[in-house]
Amino acid sequence: MQADHPGNTSFSELRDEMTTREAANSVCWSYAASLLDDLALLRSAGGGDILHRSRIGLRRLRAILWFLRPVLSQDTVALSRHLRSLAQFLGRTRELDVFCDRVLAPLRMAHPAAPGVDTLVETFDQRRREAHDEVRAYGRSPAMLEFGVGLIEGLVALSCPRPASIKRPELLDRPVAEYVHARLHRRLQAFLEASGHLESCASDRQHDIRVDAKKLRYAIEAFRPVIGLKWSGKLVSRLTQMQDQLGELNDARTGHAIALAYATERTRGGNSELTLFAAGLAAAACLPDPTSALAKAAAARDDLAALAR
């Protein structure tokens, strides 16, 4: 899995004596600025790395809004949906990047003379280029400008909330450490309970656990100076291990679905058996034994539970 890059909020920007209101404003605006920087690069240059960074930036900010939701206005829901819509749009291109790089490229190296493989690779390379062109075009369109304006307007609304719109307004002027530790304890316990049987639950539930691990990890990273660098670092390490192991399984399942969808598409189009053979090879390459990955994810969860006691 490609490592997630950290946000640009420096540890020195958060201090224990800050109020929750001050810390929330600092973190939200800093991560939003980092996101807008990445989106500007996406508009001008594009490419898989900056696309991945932009998606991470969107997820990080959504995770922070989720973590701060009890002390922010109800506008967090609308702003989170605003961020999610762009993340989903970028996600389709990211899936093609992963499929081309992690499935088709190794497949071509392992079976250079296999019938239909070259055609399969060329087809998805073309789809990938078209998807990236679509992302760059979106980045230069009025829609991207509207996204940026909407993000700023949403953060301004959160910075000047109506007291009646906040679930726990009395916490805003309390030290941020009080809020963060209490919120983290509750969310950690809820996550550990939800992931207690990840080895045996359905694949869609395993995906949900992965998403929750990532969300909790991003929130912890944003508040590490308040939580404590040593302990938070251990929490982040275990959550990252869970995220990576479950992410490998999710990537494999997504790749398998892409290969089967391609085979179905070609069957309807009356294409040759060679094309279907190559699609079958790709689908088979996306069916690893999940036992090892799930065991490693469960071990990381158990380590996390020990840390949370």
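Q: In which helix is the place of Phe124?

A: This is a predicted model, and in it Phe124 belongs to helix 4, which covers residues 117-139.

Q: Is Phe124 buried or exposed?

A: Relative accessible area is the value to read here, and under 20% means buried. Phe124 has 2% relative accessibility, so it counts as buried.

Q: How far apart in space are Phe124 and Pro225?

A: Distance along the chain and distance in space are two separate readings. Phe124 and Pro225 lie 101 residues apart in sequence, and their C-alpha atoms are 44 Å apart.

Q: What are the two readings for Thr275 and Asp118?

A: Thr275 and Asp118 are 157 residues apart in sequence, with 9.5 Å from C-alpha to C-alpha. Thr275 sits in helix 10, residues 273-285. Its relative accessibility is 10%, so Thr275 counts as buried.

Q: Where is Ala32, and how far is Ala32 from Arg136 in space?

A: Ala32 is part of helix 1, which runs over residues 20-44. Between the C-alpha atoms of Ala32 and Arg136 there are 20 Å, and in sequence the two are 104 residues apart. Ala32 has a relative accessible area of 3% and is therefore buried.

Q: Which helix holds Gly148, and what separates Gly148 from Leu68?

A: Gly148 is in helix 5, residues 142-159. The C-alpha atoms of Gly148 and Leu68 are separated by 21 Å, while along the chain the residues are 80 apart. With a relative accessible area of 12%, Gly148 is buried.

Q: What span should helix 3 have, and how far apart are its end C-alpha atoms?

A: The general idea comes before the case. An α-helix has 3.6 residues a turn, so residues three or four places apart point the same way. Helix 3 has 36 residues, 75-110, and at 1.5 Å a residue it should span 52 Å. Its end C-alpha atoms are 51 Å apart, which agrees with that expectation.

Q: Where does helix 3 bend, and by how many degrees?

A: The bend is at Cys100 and comes to about 30 degrees.

Q: Which residues line the second largest pocket?

A: The lining includes Val98, Arg102, Val103, Pro106 and Leu107, together with Glu248, Asp251 and Ala252. Ala285, Cys286 and Pro288 also line this pocket. The volume of the second largest pocket is about 160 Å³.

Q: Which helix gives the most to the lining of the second largest pocket?

A: Helix 3 does, with five residues. Helix 3 and helix 9 (229-268) each supply at least two residues of this lining.

Q: How do the lining residues divide into nonpolar, polar and charged?

A: For the second largest pocket there are eight nonpolar residues, no polar ones and three charged ones.

Q: How many disulfides does the structure hold?

A: A disulfide is a covalent bond between the sulfur atoms of two cysteines. The structure holds zero disulfides.

Q: Are Cys28 and Cys201 buried or partly exposed?

A: Cys28 has a relative accessible area of 4%, so it is buried. Cys201, at 21% relative accessibility, counts as partly exposed.

Definitions and conventions
Residues numbered from 1 in each chain as written. Predicted model: local features only at pLDDT ≥ 70, side-chain atom pairs only at ≥ 80, totals over all residues. Heavy atoms only, no water. Helix = DSSP H or I, 4+ residues; strand = E, 2+ residues; numbered from the N terminus. Expected span 1.5 Å × (residues − 1). Bend = angle between axes of the 7 residues up to and from the residue. 1 Å grid on protein atoms, 1.4 Å probe; cavity = no way out; pocket = protein on both sides within 12 Å on 5 of 7 lines; lining within 4 Å. Points joined across faces, edges and corners; volume = space filled by probe spheres on them. Nonpolar A, V, L, I, M, F, W, Y, C, P; charged D, E, K, R; others polar. Disulfide = S-S within 2.5 Å. Buried < 20%, exposed > 50% of the residue type's maximum accessible area, 1.4 Å probe, protein only.
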